[in-house]
Amino acid sequence: MKKFKNILKMDGPFSSYKYLCSMLACVFLLSAIAVRAENKVSGNKASKSVTGLVRDAHTKLPVNAAQITTLNNRSSATTNSSGIFTIDIASPEEVLMVSAYNYGNREIPVQNKDSLVIDLYSDVYSNYYQKIDVLTGTVNNSTLVPAAKAVTDFSQSVAVSADELIGTELGGDVRAISRSGVAGVGSSLFIRGYNSLNANAQPLFVVDGVIWNNLYDIKSLHAGFFSNPLNDINVTDIASITVMKDGTSIYGSKASNGVIIIKTKRGTGLVTKINLNVLRGVITQPTNIPVMNSDQFRVYESDMIGTSGIANNDISKFIFLQDDPTKSTYNTYHNNTKWLDEAYQTGISQSYSISANGGDEKALYYFSLGYTGVKGIVKTTDLQRINARFNADLKLSTFFTMGLNIGFANIDRQLVDDGVNNYTSPTWLSMIKAPFLSPYNFTATGSRTSEFAYSDELGTGNPLGIINYSNNSLKQYSFNISGVPTFHFSPNFTLSSQFDFSLNKTTEDYYSPMLYAAKQFIEGYGYSENTRMNQVMRNIGIFDDTRLSYKKQLDKNNQLNFLLGWRYLSNYYESDYIEGHNSGSNSSTTLPGSFNSAFSVVDGINNKTKSISNYANIDYNYKNLYFLSIATSVDGSSRFGNETIGGFSLFGHSWGVFPSINGAWLASSEKFMKNVNFINQLKLRAGYGITGNDGIEDYRTVAYFSTVRFYDKGNGIVLSNIANPQIQWETTKRANGGIDIGLLNERLSLSFDYFSGITQDLLTLKELPNVTGLGYNWSNEGKLSNKGFEFSANIKLLNLKSLKWELGFSAGHYVNEIISLPGAAYTTKVYGGEVLTEVGQPAAVFYGYKTNGVYATQAAALAENLKIQNQNGSFTNFGAGDVRFVDKPDANGIKDGIINANDKQIIGNPNPDLYGTINSKISFYKFTLSALFTYSYGNDVYNYQRSQLESGLDYSNQSTVMLSRWTSEGQNTLQPKIAYGDPMGNARFSDRWIEDGSYLKLKNLTLSYNLPLKSNFIEGINIWISANNLLTFTKYLGSDPEFSTRNSVLYQGIDNGLIPLSKSYYIGFKFSL
Amino acid sequence: MFNNKQIYDMKKICNILILAIIASIGLVSCDDLLNVDSGRVTFEQDYRLSSPNDSIYSMMGIYSQLQKLADSYVLLGELRGDLLDVTENSNLDLREINDFNISKTNKYANIKDYYAVINNCNYLIHNIDTATVINGQKVMYRYYAAAKGIRAWTYMQIALNFGSAKYYQKPILSMADGEEINNYPDLTFNELADSLIADIQPWKDVLAPNIFPGIEQTFPIRFLLGDLYLWTNRYQEAATEYHELMYDYNYLINKTYQSYWVLDNNIISTRRYAYWTDSYYYGGQEAIASILCPTTYGQTFDLDSLNLKYEFTPSAQAVKNWDSQTYFNTISNTVPGDLRKLESIINKNTIIDVAPNSLTTTSNPENTTVQNIVYKYIWNARAVNVQSIVIYRSSLLYLRYAEAVNRLGKPNLAFAVLKNGLNSITMNSTKVIPLNERSTAPYMNFSNFRFDNNVGIRSRGLGPKLGDLNPLVGDTNYIIPHQNQLIDSVLYVEDLIQKELALETAFEGNRFQDLMRIAIRRDDNSYLANIVSEKYTDNKEAIKSKLMIRSNWYIKQ
């Protein structure tokens, strides 16, 4: 029991807020009980009836045949032709739900009034009053207790994968950062800051009730690519996406990063409906950092040769410097190739899907088939995806129903290496390749052939040669089947068990060609001329979630729902990898084949993970006025040690307990709100919960041996881990307070949430004692906090007869701070830069040198007398044209005059101050114009790509900014002089490469038109055109301010030059039959 | 819709299903649900060394860990000595070693690499089932003894490089074990030696495991015992162990590996026969123990590439040592210089074609400065798939023997190792071994015919006649000058042995430890400080005064 207490222990400054939220939740409960007691005294008051008028909000004309139900569905009414209805209500705090054809739903609190006037708005507007899917089932949004947001309408989306939708539709609730411009590659997702440092910080995906492995740390063979599991779902099959920001404790040790619930469509009614979606679009070539043209580069190059110390008589070897047109080599070296135009092309995106749903009283089904094809914007790259989905609900008897979900996806991709990579990335090589060279060979007499040229003498490969001779593919099959038998013992008492089997198999092939790509020197071995890699990954998941659900109506005011569940997840991940080099020819690509046997690698992963969760949830509801939700899960996992500090021990395993309490008060239903007419809806929410993160490396709790290749003799077995039975989950304790308001006759709705969370037991690598002979193992030490808010507003700006305009705004904000670490602050090397992990700072801030311009004159440099120390101990002074680095004073305020590691300081913070979306929807007759902006404000970016294009240290092409480089004494410029090898370290990681990554982007603009049809056969036709990434307002100098190199917290805000997002234009049709 | 019978049946089926589900909930208590296994790693609890196969895997695991010590052994032993120096190409780690300023992150001074060997040895020793009998032989003893030998050698390296070691015999398999043992006392070399001697002594007659025939991968326990005794001034026991090793395994110093200048009309020409080189070839007759270095892609073996990249170079002192010798054809027919130099170092620019692995080192023809690199390393890396570092070889064995018997008051016997060769003729010559040094101690028995071809170590690089210079008569060249006291002769010969080690075993990794041992024995820090500081030019005095303090000889952890 002592251990259990430990979990609930308060933490310093955080405790007061947490305490407040818990107290608030309790107050709701207590007041509910108090009111209930009072109610008993007042006895069984006769039920009362309310009369009302339902009318159109604009015309004020009555709405005929509107349905009115009380929220707990005990009575209902319909308006007559004058819009009048009368309904019996059970209590003066009752809420009426009004719905009518062509109108959005609305909920109206009765507030003890005798008569009501209810204005309905067109269903063109987004609607707050809908049912949303949460972890325990489906609830009315207005009675929702935890902080959650859902989105259900994707009819005109051009998104390839679901995470793109999350970014555009829920951008203030989830910080979704597009990984790159490759179709379907998805986004890195962070909910409420960074809730981990070294473990998984991506949310849990629960798709149709099944936990998906998000494969967050699985590396692809293809540089810059991430095999996004959400790409397995066709967006048109998605019924709803819900982001659960708190109240996730029933997913216990997996839930600390938030939960994203995705539901696919199911059969809805007896009428068979067929939907056909067609979409075609073009994707344009992205804008890249401009690089020098042929003439500019030639001058640059000769300058560079001048700094390289090459003897004069050797300079003649650089044939490109020879300007004699009579020479046979003249043509080879006198082109003006726009390499980027050669590597990129206009992409084409197309998507077709057909779905049917319907059924009878025994069975409802949804069936869909979809095809998505994207011809990528880099030559030869593409994506082909086929999806099929079959969801059915069988009602075998009143007692027994059966759900069935089958999903299948086949993804086929051609890829190229992406990002800054001097050997094999065609997009990057296109930037640094000499523009005076041609992609093609020239004959001895100087005429151009159609053969691709080999890698040049400057050591840069031919991007087109690489594109044409490389063979990088990915084939992926994913399949899952679920059965959900449910027993209905009574209308209120059910037992269901969802069993799911899923298989995901990915085969990746990689070949980088010799001759066209430059040779790569591999330390300790030699040169690699060509590389062949092959990887087969398999993920098999077996999942079971058994739930016993009991709903108890205690009396007419008090409702209790119990949920008791047991969840089991077994995941098997296997990957087999082989790599070979130097096969001697581009036609010999079979492994091992003729590849050099001494230079081959065979490796793999074979991880089994099992976890069990026992959970319970109690929802209590008093009069739909007070809501209380208490959840707990008790989790065990094969990844936990069996002597964890934070858990208790049972059956030889350690178990973690993850409780939460959430309460809500629907204040707008209170009688005293009767006269506050401008408030239509007011809900206060508070909660406190503990969740965990089980993203621990498998097997690290036990001692194990692994195999080491010994020579060509055989395999040796070596102890490679010692047991640490204390390794456990990371624990996140988070308090939440929120408010939802509907104002001014529902013209304005607002929602605000404040959260404060602490993640403790951070998984950090701890050095093992020397005597073990081993390096590191995980330990649970360290603590960080995330505090912030989410805000959203929605305004029905214009509500005219045929012109309706709705504006929405969402914003998220968090402050991440490391509170404690097991050891001293440390840095991590990332793409030539460094990030710092230090107490008192956010995770992974950029850590480097500060600069202050460039010395224009030698005198200026001498005056400051700064120097660097060379490896042999001697010193070299900075001179004219060198960067003026800031000499940071030491602890005693003394500047030592030497620029070295002691001068590094924090130079940037990749966390934004604010991020979110702005959306506008204008509806005019049958036309709808919607615009969606995304923004991020206050985040710093380490522009690694630009740092390589302005480094001025080798023979590669550079950005046109380098034309303003320092060349002569007295020149005032921000670009330092160039010097081969950069002896003074001018290009080192400094604030020169840190930029403000704030942006406002018109992410999507769509105009759609509903064809006015009067046909019995066709229900509707909708035609739309859409544009993505049309406008970006930013000061950022890179291609695009939206990118995410990796899912890891430590790699955020680093632009390593992945294929950027670019403008794209679409036209789509939607037929409903 | 349904008749009663159907409803009844359905309810029955449902009840069974419900029971099944409830039963599955009950499985929470079932321990197996959370147990996992893996095909890639072997859990400690599942790994039992009960078959020779398991033991071979474990043994190879130990060898693979030992590989990581090969670079360190050589670089720590030589860069801190007087014979190997840094260059302008040297990386920071090498500079740190050279300057006795080794940081905690130095790649070549990671104490964990040493304890990794020890812990893996401990695991094998602790778990191996030595009772297993195959073909009437207790086969497992070979692995058992080999692991004990490797463990003892590694402990010696820790104590000698880092000043002290934590001695433990049970394998560390958990954090708790690790933390407990980390609190063990730090034992000095002398404190450790007794435990190590007791640990390996009983196994000195066990044969080495026959895993890779032809490559001696196991440290002979007698050599280890000899070294332990030598370090702890137990000279008689040391001499005995060394002698037994020579005798039992036929470790000899004979003319097979003799290099000599070709004579043209009895005049020394400029052509030579280079055979001495083979004496440190890992597959040769004189290799006693070597570490096979990794050639597998992804595993690093730095020595070869550091050498080819000219990140270190033979010191001027090392070159001077050889150059100041005289090669004798006859007493009157001489040339300056020691042939062993030509087979120990080489100009980098002439070696390109010999380099293995097609590692190209860009030669810059305009740069005419001679960049000397170590030929010994290249020689042992000449086969693409086999690279090795020889730790123990015959010459070292004989020189250690000489060091021991010298301290037993037998300087002439010790001197004979250098000059005459230990064979029956030498032993019977009163000119060489005076009567007062003779005894019937077993370690002095070289009468067996197997020793008949033994020659003096020097004779293989300084002229074929050197060792034959009429041992019965004696001569005036390369002799022990008359001393008043026996101890003076002993010290004189000890210096000669030290110098011979520099000529014969340069760059092989033992230099710094040899100097340490002699300096400690003489309790004279300046002995080491003077010799080592000779290498330095800019900071000679600083290094010297640093080395006058004995604690600076050790790497700080």
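**Note on the predicted model: a nonpolar patch and two buried sites**

1. A:L1007 lies in strand β55 of chain A, which covers residues 999-1011. The model under review is a predicted one, and the remarks below should be read accordingly. With a relative accessible area of 33%, A:L1007 is partly exposed. The limits for that class are 20% and 50%, so a value of 33% falls between buried and exposed.

2. A:L1007 also contributes to a nonpolar surface patch of about 710 Å². The other contributors are A:F924, A:Y925, A:F927, A:L929, A:I1025, A:I1067 and A:F1069. Two elements of chain A, β52 (927-937) and β58 (1064-1072), each give two or more residues to this patch.

3. The strand pairing around β52(A) places some of these residues in context. β52(A) pairs with β55(A) in the antiparallel sense, over 10 bridges. Within this pairing, A:L929 is found opposite A:L1007 of β55(A); both leucines are members of the nonpolar patch.

4. β52(A) is also paired with strand β51 of chain A (residues 914-924), again in the antiparallel sense, here over 11 bridges. In this pairing A:G916 faces A:Y935 of β52(A). The two strands, β51(A) and β52(A), make a hairpin with 2 residues between them. In the turn, A:Y925 has a positive phi of about 50°. A:Y925 is one of the patch residues as well.

5. A second site for attention is A:S355, located in strand β18 of chain A (residues 347-359). Is A:S355 buried or exposed? Its relative accessible area is 11% and the limit for burial is under 20%, so A:S355 counts as buried. Neighbours within four places in sequence being set aside, the residues in contact with A:S355 are A:K273, A:I274, A:N275, A:Y366, A:F367 and A:S368.

6. The third site is A:P976, which sits in a loop of chain A, between α10 (944-949) and β54 (994-996). Although placed in a loop, A:P976 is buried, at 4% relative accessibility. What surrounds A:P976, apart from neighbours within four places in sequence? Its contacts are A:V854, A:G881, A:D882, A:V883, A:R965, A:W966, A:N986 and A:R992.

7. One of those contacts, A:R965, merits a separate remark. A:R965 and A:P976 are 11 residues apart in sequence, while their C-alpha atoms are 5.5 Å apart in space.

Conventions. Residues are numbered from 1 along each chain as its sequence is written. Chains are lettered from A and ligands numbered from 1 in the order in which they are written. This is a predicted model: local features need pLDDT of at least 70, side-chain atom pairs count only at pLDDT 80 or more; totals for chains, interfaces and linings use all residues. Side-chain values use heavy atoms; hydrogens and water are left out. Patches are made of residues with over 30% relative accessible area and no salt bridge: like charges are joined within 9 Å, nonpolar side chains (Val, Leu, Ile, Met, Phe, Trp, Tyr) within 5 Å. Accessible areas come from the Shrake-Rupley method with a 1.4 Å probe; for residues, only the protein chains shown count as cover. A salt bridge is a side-chain nitrogen of Lys or Arg within 4 Å of a carboxyl oxygen of Asp or Glu. Helices (H or I, at least four residues) and strands (E, at least two) are DSSP runs, numbered from the N terminus. Buried means under 20% relative accessible area, exposed over 50%, partly exposed in between (1.4 Å probe, protein chains only). Two strands pair if DSSP finds at least two bridges between them. Contact means heavy atoms within 4.5 Å.
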